[in-house]
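Student: Hi! Could you walk me through this protein? I'm new to this.

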Amino acid sequence: MTSSMWQFSKRAAALKSSAIREILKVTELPDVISFAGGLPSPNSFPIAKIKQAVDDIMDSDESFNALQYGPTEGYKPLREWVANLINQREKTHLTIDNVLIVTGSQQALDLIGKALIDEGTKVLVETPTYLGALQTFTQYEPEYVSIASDDQGLNPDQLSDEEAKSANFLYTIPNFQNPTGRRLSEERRKKLAEKAKKNNLLMIEDDPYGELDYQGHRLPSLISFAPDNTVYLGSFSKILAPGMRLGYVVGPVEFIRKLVQLKQAADLHTPSYTQHIAYQVIKDGYLGSHIPKIRELYKTRCQFMLAQLDKYMPKTVRWTKPEGGMFIWVELPEHINSTELLAKAVKSNVAFVPGETFFATNPKKNCLRLAFVTVPEERIEKGIKILADLIK
Ligand SMILES: Cc1ncc(COP(=O)(O)O)c(C=O)c1O
């Protein structure tokens, strides 16, 4: 077969493999100290508990359902669990009709892109933002409007009423954002929610890191301040295991119904098997003891990396000091291009993700993202020292 036999659609043809991804291919080699990947620590996977759950299901009458096709909306007990969780935490009044189980929250982003974006549709994003959201939304050709952010996250004062009115939605990650590790302050959450209500703006609140709050002190979500204006995305990837590909969307019934139609066309439903396993694992409150262990693990790694940055980086370099999550965002002096730095760093067996990929508009060239949770401490120290020497 040759490529002259077919013509890719305009959408597929427009997809480019990025130069950065090419450089990052080497990061899988064992000698490379990689701060690039956004993977959770495998030490956080509850393997014994999952094994037990599989055995329990397979030994029960549920085994047939776990291996059978299921409803597009998802496994009912799991949807109930999600509705209860959000109702208790955010004081909402959800029923299972407000909940759709998805194949990872990445799928939710794609379905939302399909549901809401036509060519030229205005989409508000914080800056920088999650690369995977930009990749999926871009397929549907939106016009991005970037809202300036600082150490407290997206700044609602920088979002004008005109922008809020003319956009079809705002995409935001209020907790320990990917890529910066920033958390939106409570005051800004309230302000943003008020602005959304005033301007009839839909907010897509993406929250895969909310539970990874090192102090266990969650701030109320946007959905608690503006439930009618918010579609909330949750994920089991960072609190159970990403290979299960399990996430959920919570939103107005009419919105969920549209996503169900789109999901049915995409994959019929999220695997019954993983939904049953996850529910078996979590139904009796297991996460209440499991999540604090992940928080502790990540907090220690984060503090260690922050200490190494303090120790080795020149004074001209700045970085975020996350209180949760998996990422630190580093700002280099203006004249340093982090993509060029990556090419040099990779030759010294260190990798990170250059910041420019995380901007929808006006990329900043002097930033980079460091992921710390999968790298052992001695390698964190070695890697940061190498990076600091290159920057100097
Ligand atoms: C902000 C954000 N949203 C969504 C996702 C996708 O997560 P999932 O594994 O649930 O598809 C990620 C993954 O890293 C992420 O960082």
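Tutor: Happy to! Let's begin with a term: a residue is buried under 20% relative accessible area, exposed over 50%, and partly exposed in between. Keep in mind that this is a predicted model.

Student: Okay, so is K365 buried or exposed, or something in between?

Tutor: K365 has a relative accessible area of 40%, so K365 is partly exposed.

Student: And what does K365 form a salt bridge with?

Tutor: Its partner is E356, and the closest N and O atoms of the two are 3.2 Å apart.

Student: Why would two side chains pair like that?

Tutor: Side chains of opposite charge can pair when their charged atoms come close.

Student: Cool. How many salt bridges does the structure hold?

Tutor: There are 21 salt bridges in the structure. One of them joins E211 and R89, with 3.0 Å between the closest N and O atoms. E211 sits in the loop between β7 (203-206) and α10 (222-225), while R89 is in helix α5 (residues 76-90), so this pair ties together parts that are 122 residues apart in sequence.

Student: Are those two buried or exposed?

Tutor: E211 is buried, at 19% relative accessible area, and R89 is partly exposed, at 22%. Both also belong to a network of salt bridges that links R89, E90, D207, E211, R218 and R295.

Student: What about R318, which side chains does that one meet in a salt bridge?

Tutor: R318 meets D151 at 3.5 Å, N to O, and R318 also meets E331 at 4.0 Å. R318 lies in strand β10 (residues 318-319) and E331 in strand β11 (residues 327-331), so that pair ties together parts 13 residues apart in sequence. R318 counts as partly exposed, at 47% relative accessibility.

Student: Switching topic: what domains does the assignment give?

Tutor: Domain 1 covers 7-36 + 289-391, and domain 2 covers 69-282. The contact takes 28 residues from domain 1 and 29 residues from domain 2.

Student: How much area is buried between domain 1 and domain 2?

Tutor: About 2,500 Å², and carbon and sulfur atoms give 60% of that. On the domain 1 side, R295, E323 and F358 lose the most area to domain 2, together 23% of what that side buries. The count of salt bridges between the two domains is three.

Student: Last one! Which residues form a nonpolar patch on the surface?

Tutor: M5, W6 and F8 do, with about 370 Å² of accessible area together. F8 is found in the segment before α1 (10-13), and F8 is exposed, with a relative accessible area of 55%.

Note on methods. Residues numbered from 1 in each chain as written. Predicted model: local features only at pLDDT ≥ 70, side-chain atom pairs only at ≥ 80, totals over all residues. Heavy atoms only, no water. Patch = residues over 30% accessible without salt bridge, like charges linked within 9 Å, V, L, I, M, F, W, Y side chains within 5 Å. Areas by Shrake-Rupley, 256 points an atom, 1.4 Å probe, with all protein chains shown as cover. Helix = DSSP H or I, 4+ residues; strand = E, 2+ residues; numbered from the N terminus. Buried < 20%, exposed > 50% of the residue type's maximum accessible area, 1.4 Å probe, protein only. Domains from an automatic or database assignment. Contact = heavy atoms within 4.5 Å. Buried area = accessible area lost by both parts, 1.4 Å probe.
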